[in-house]
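Here is my note on the model you sent round. The points are numbered for ease of reply.

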Amino acid sequence: MDVRERLAVNMKRLRKARGWSQEALADAAGLDRTYISGIERVVRNPTISVVERVAQALNCTMGELLD
């Protein structure tokens with residue numbers, strides 16, 4: 001599994017564990033819902049800054065998203 005696939009799986013798992021929709025995560029991270037969807041479908045290649053924003057929104061480390 002490549003890093004984008006790991007990010008997608010972990011992001012979706014953490015988002016669902018919090019009971020959040022893609023829209024709720026997008027709002028918390030200051031991103032568009034379609035961008036969150038694209039990351040989870042592995043069609044987007046987010047920058048490290050975007051990964052950091054998602055991690056902050058999910059209250060986790062970047063490592064938790066990428067491992």
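1. A salt bridge here is a side-chain nitrogen of Lys or Arg within 4 Å of a carboxyl oxygen of Asp or Glu. The model is predicted, and side-chain atom pairs count only at pLDDT 80 or more. On those terms, a search of the whole structure turns up one salt bridge. Its partners are the side chains of Glu40 and Arg15, at 2.8 Å, N to O. The pair links distant parts of the chain. Glu40 belongs to helix 3, Arg15 to helix 1 (residues 3-17), and 25 residues separate them. In general, side chains of opposite charge can pair when their charged atoms come close.

2. Are the two partners buried or exposed? The cut-off for buried is under 20% relative accessible area. Glu40 has 13% relative accessibility, so Glu40 counts as buried. Arg15 has 7% relative accessibility, so Arg15 counts as buried too.

3. Look next at what surrounds Glu40. Leaving out residues up to four places away in sequence, Glu40 touches Ala8, Met11, Lys12, Arg15 and Gln22. Gln22 is in helix 2, and Glu40 is also part of the contact between helix 2 and helix 3. Arg15, for its part, appears in the contact of helix 1 with helix 4.

4. Helix 3 as a whole is mostly covered. Six of its eight residues are buried. These are Tyr35, Ile36, Ser37, Gly38, Ile39 and Glu40. Which elements cover them? The cover includes helix 1, helix 2 and helix 4 (48-58).

5. Now the packing of helix 2 on helix 3. Two packed helices are described by the angle between their axes and the distance between the axes. Helix 2 (residues 22-29) and helix 3 (residues 33-40) pack at about 110°, and their axes are 8 Å apart. Angles of 65 to 115 degrees count as roughly perpendicular, and helix 2 and helix 3 are therefore roughly perpendicular to each other. The crossing of helix 2 past helix 3 is right-handed.

6. Which residues make that contact? From helix 2 come Gln22, Glu23, Leu25 and Ala26. From helix 3 come Arg33, Ile36, Ser37 and Glu40. By class, the contact of helix 2 with helix 3 has three nonpolar, two polar and three charged residues. Of the helix 3 residues in this contact, Ile36, Ser37 and Glu40 are also on the buried list.

7. Helix 1 and helix 4 are the other pair to check. Their packing angle is about 25°, with the axes 11 Å apart. Angles under 35 degrees count as roughly parallel, so helix 1 is roughly parallel to helix 4. Helix 1 passes helix 4 in a left-handed crossing. On the helix 1 side, Leu7, Met11, Leu14 and Arg15 take part. On the helix 4 side, Val51, Val54 and Leu58 do. The residues of this contact divide into six nonpolar, no polar and one charged. Met11 and Arg15 from this contact are also among the residues that Glu40 touches.

8. Ala28 is worth a look. Ala28 is found in helix 2. Its relative accessible area is 45%, so Ala28 is partly exposed. Ala28 touches Trp20 and Ala57, not counting residues up to four places away in sequence. How far is Ala28 from Val54? The two are 26 residues apart in sequence and 8.1 Å apart in space, C-alpha to C-alpha. Val54 is one of the helix 4 residues that meet helix 1.

9. Please check two backbone angles. Most residues other than glycine have a negative phi. Val42, which follows helix 3, has a positive phi, near 60°. Val42 sits in the loop between helix 3 and helix 4. With 26% relative accessibility, Val42 counts as partly exposed.

10. The second angle is at Asn59. Phi of Asn59 is near 55°, again positive in a residue other than glycine. Where is Asn59 placed? Asn59 lies in the loop between helix 4 and helix 5 (62-66). At 68% relative accessibility, Asn59 counts as exposed.

Terms used. Residues numbered from 1 in each chain as written. Predicted model: local features only at pLDDT ≥ 70, side-chain atom pairs only at ≥ 80, totals over all residues. Heavy atoms only, no water. Axes fitted to C-alpha atoms, helices over the stretch in contact; angles between N-to-C directions. Helix = DSSP H or I, 4+ residues; strand = E, 2+ residues; numbered from the N terminus. Parallel < 35°, antiparallel > 145°, perpendicular 65-115°, else oblique. Left-handed = near helix turned anticlockwise from the far one by under 90°. Contact = heavy atoms within 4.5 Å. Nonpolar A, V, L, I, M, F, W, Y, C, P; charged D, E, K, R; others polar. Buried < 20%, exposed > 50% of the residue type's maximum accessible area, 1.4 Å probe, protein only.
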